[in-house]
Structures are given as structure tokens and as C-alpha cells.
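Got your viewer open? Load the model, and let's walk through it one selection at a time.

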Amino acid sequence: MALIMNDSLLNQLKAIRFEHTNKTKFSILIGTLEPENNDITAYSVVHFSKLNERNSLLMFPSDDEFNQFIALKFMLPFNLNIIGLVFYSAEEITEFNMKSLTKKAKELPALKVVVNVGEEDIIYYQISDKIPVKLKAQAPDLQLNNLLNFIHTMEFETSDEILNNHMDLKKKSFFSIDFLWDKIIFNKEENIDLKSLQSMKSPLDKIIEISVPCEDKQLSSKTEEGNVFLAFDLHMNFFVTNYLRNKTLREIKVQLNAVLKQDLLIKLQRAVFDENMKRLILPAKIPLKFFGMELNAYLLKDNPSKYEYNLCSSLIKHAEIIALIGYELQARVFLRDLNEYFCILGDKEKQKEISELITKLSK
């Protein structure tokens, strides 16, 4: 197994180690797993801050922080994952440490690497419930690939009796995405490869619409008596891995089903049922420009996710740390998007915290 990290990311970890360990508890690496090449590639990082702790001992993530990781996983573009943990400590990673991490990381199967940034060396380990295995890291010049954006509107009819059982409504909605998936078409030529779509300059050209032909849906202009018409707008950012660059749209139809199912699953999990309107109210997707990529929060004011909220609160501190090592402009842009998240929630305290931080960074 090979770990790939570019020099700019390594320099960021070193800057944290030598200048900001008083503020940083640990970091998490965002990247890809490519089993076809047996590669793990890190593209970005999120820094979690200390509260009042100032010691340099190894400090594992808490249960709440692990739940924040899971929230982040669903905010990332598809194919990007949380692949590693970074500690800044003179303390050695022991077999006991590794076993403890393995137990806590069960819900994050892509978490494969532990990095320990010491005063002199950076040591890389493969996560294992056995004796820690050290890895070597390569440092080519990596860039975050341009994301593709897939959108799809699900439309179907079903018996109106389903409105009497919220769980049945959610189950029917989730599995209906599979209906006629073998008939889908694109607003692009289906034999175009993903690297060609990536290279297009206009952001609009990177939006790929997936649809089922009207004649296959067998829907009339009027809903049949005793039925209810349901429609869901789905959207996912899609990170193109090296393995997928030469694949065509036609060749990734199965994966695109999984892509949009993830979006639908999170929306349905966080949806609430309006008894008066007899419909599901889905969360809105809030885009957050995150240092070369876009995150998407799933926010419903009446039913916010506790762990997504806690994560967004942690990301305020991440922006402050990242600004200290030379990314002031990107941090301000990200903070303005985060402010929109807390504005929708009406959280004046968080809005004030962000406003004061933006003012501080602008000086």
C-alpha cells in the first residue's frame, strides 16, 4: 500500500507542528482510496482545535468528534473520504494506541492511515488491530481535480395510502430511484470520458443531468385517482479518481446510482413530514467553498443534525488555524459560507463569532 501526499500538504502539517500545536489537537486527511492501484492519496486536511489543552501528548478524537467525522463524510464530494488521522506528538504510536483507534474507526472504513508529526520525523502507519505497520509516503505534485456535478429529478406515482405511514413513504421513495435506471440518459454524449468533462472550462459544462425518458416513465399530465405524484431533486458533487478518468458516462451508470442514492438517503433521514401538507420536507443543501473543493451541508431548520452542527462549529476553528499558516483569503471565503449556515439556523452567537474572526483576518 502506498500513501501519496503532495509537498504543500506536508508543509502544512509541519507548520502546524512547529507553530500551532498549542491550538491543534489533531488533523484528519481527506482523500481517495484506489484499490485498483493499491494507493491512498491525500488531497486536503481538516484541523481540529484544542480547547484549553496545551500538552503535547497524543490526544485521540472523542466520540463526538468521531460523529463529526461521519457528518463530514456525507458532506464531501462522492469518492472523497476521511482516509487518515494526523497527530502532533513526540509520543510513539503503540500497538495499544492502534487497537484503540481501530475499535473507534469501525464506522469509517476508509480511515486507513495514522500520521505522527514529531519534532524531527514524520512517521506514517497503516491502521491495524495488530502491530503498527509503517508506510512510506510519496510526494508528487497533486491538485484537486475539477469536480463534476450530477443532477437528477426522480418522479413517480404511488398509492396515496402511503401518506399515512411516514416510514413506508421514505422506503418507497428510496427504492424508487432504481426504477428504470437502466433507461437513463444524459444531457451529454454518453460515450464521452470523464477526463474530457473535467477539462471543460465552463462550470455549466461540468453539470451532467441524468434523466429517464418521458415515454419510459409512463406518467400522464394528471395523477391517477387514488395515487400521489412524488418528485425529488437530487444533486451530488463527484470527485473523479485516477482510475475513473478514462471511464465514459455509459460505463459508470451503476456508480451514479450509488452517488445519487447517498444524496437521497441523507435527505430522507433528515426529512420531516408536514401533517397539514401531507408531504416530506427535505433539507436544503448548503454549499461551502472549502479550500479547493465544495462541501454540502444538509440543513433543515426544524430538524438540524446535531453532529453536522458540531462539525460546522469545529470548522470555524479550522478556518482560524488555516489562516494562521497563510490561507487567509480562502479562510474568509469559507467563513462567509459557514455564516450562511448559521444564519439559516438563526444562531446569532455563531454568526457573531464568525464576523469577529473575519474582521480579525482582514486586518
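A strand here is a DSSP run of E with at least two residues, numbered from the N terminus. With that in hand, select Ile-185: this residue is found in strand β10. Keep in mind as you go that you are looking at a predicted model.

**Stop 1: Ile-185 and its company**

Is Ile-185 buried, exposed or partly exposed? Its relative accessibility is 40%, so Ile-185 counts as partly exposed. Now show what surrounds it. Setting aside neighbours within four places in sequence, Ile-185 is in contact with Glu-209, Ile-210, Ser-211 and Pro-213. Pick Glu-209 from that group and draw a line between the C-alpha atoms: Ile-185 and Glu-209 are 24 residues apart in sequence and 8.3 Å apart in space.

**Stop 2: either side of β10**

Step back along the chain to Leu-180, in the loop between α4 (166-175) and β10 (185-186). Most residues other than glycine have a negative phi. Leu-180 goes the other way, with a positive phi of about 65° although it is not a glycine. Despite sitting in a loop, Leu-180 is buried, with a relative accessible area of 17%.

Now hop over the strand to Glu-189, in the loop between β10 and α5 (194-198). At 53% relative accessibility, Glu-189 counts as exposed. Select Leu-101 as well and draw another line: 88 residues separate Glu-189 and Leu-101 along the chain, and their C-alpha atoms are separated by 45 Å.

**Stop 3: zoom out**

Time for the whole protein. Colour by secondary structure and you should find 10 helices and 16 strands. How does its radius of gyration sit against the globule rule? The value is 22 Å, close to the 21 Å that the rule gives for 363 residues, so the protein is as compact as a globular protein of that length. Along the principal axes, the C-alpha atoms fill a box of roughly 70 × 45 × 45 Å.

Colour by accessibility next: buried residues make up 52% of the 363. Then switch to a surface view. The accessible surface comes to about 17900 Å², with 48% of it belonging to carbon and sulfur atoms. If you like colouring by charge, look for 46 positive and 50 negative side chains; the centres of the two sets lie 4 Å apart.

One more thing from this view: of the contacts between residues at least 6 apart in sequence, 75% join residues at least 24 apart. The next stop has an example of a pair from distant parts of the chain.

**Stop 4: β15, the loop, and β16**

Select residues 284-290, which make up strand β15, and find Leu-288 within it. Leu-288 counts as buried because its relative accessibility is 0%. What does Leu-288 touch, not counting residues up to four places away in sequence? The list is Met-75, Met-293, Glu-294, Leu-295, Phe-334, Asp-337 and Leu-338. For a distance check, try Asn-339: Leu-288 and Asn-339 are 51 residues apart in sequence and 9.8 Å apart in space, C-alpha to C-alpha.

Carry on to Phe-291, in the loop between β15 and β16. Here is another positive phi in a residue other than glycine, near 45° this time. Phe-291 is buried too, with a relative accessible area of 18%.

Past the loop, select residues 293-299 for strand β16 and go to Leu-299. At 4% relative accessibility, Leu-299 counts as buried. Beyond its neighbours within four places in sequence, Leu-299 is in contact with several residues, including Pro-283, Ala-284, Ile-286, Tyr-341 and Leu-345. Draw one more line, to Lys-285: the pair is 14 residues apart in sequence, and the C-alpha atoms are 6.3 Å apart.

**Stop 5: the cysteines**

Last selection: the cysteines. A disulfide is a covalent bond between the sulfur atoms of two cysteines. How many does a search of the whole structure find? Zero.

Why is there no bond for Cys-343? The closest cysteine sulfur, in Cys-312, is 14 Å from the sulfur of Cys-343, which is too far; a disulfide needs the two sulfurs within 2.5 Å. Cys-343 itself is partly exposed, with a relative accessible area of 40%. End the tour at Cys-214, which counts as exposed at 62% relative accessibility.

Notes: Residues are numbered from 1 along each chain as its sequence is written. This is a predicted model: local features need pLDDT of at least 70, side-chain atom pairs count only at pLDDT 80 or more; totals for chains, interfaces and linings use all residues. Side-chain values use heavy atoms; hydrogens and water are left out. Helices (H or I, at least four residues) and strands (E, at least two) are DSSP runs, numbered from the N terminus. The radius of gyration is taken over C-alpha atoms; the globule rule is 2.2 Å times the number of residues to the power 0.38. Buried means under 20% relative accessible area, exposed over 50%, partly exposed in between (1.4 Å probe, protein chains only). Contact means heavy atoms within 4.5 Å. Accessible areas come from the Shrake-Rupley method with a 1.4 Å probe; for residues, only the protein chains shown count as cover. Lys and Arg count as positive and Asp and Glu as negative; His and the chain ends are not counted. The place of a charge is taken as NZ of Lys, CZ of Arg, CG of Asp or CD of Glu.
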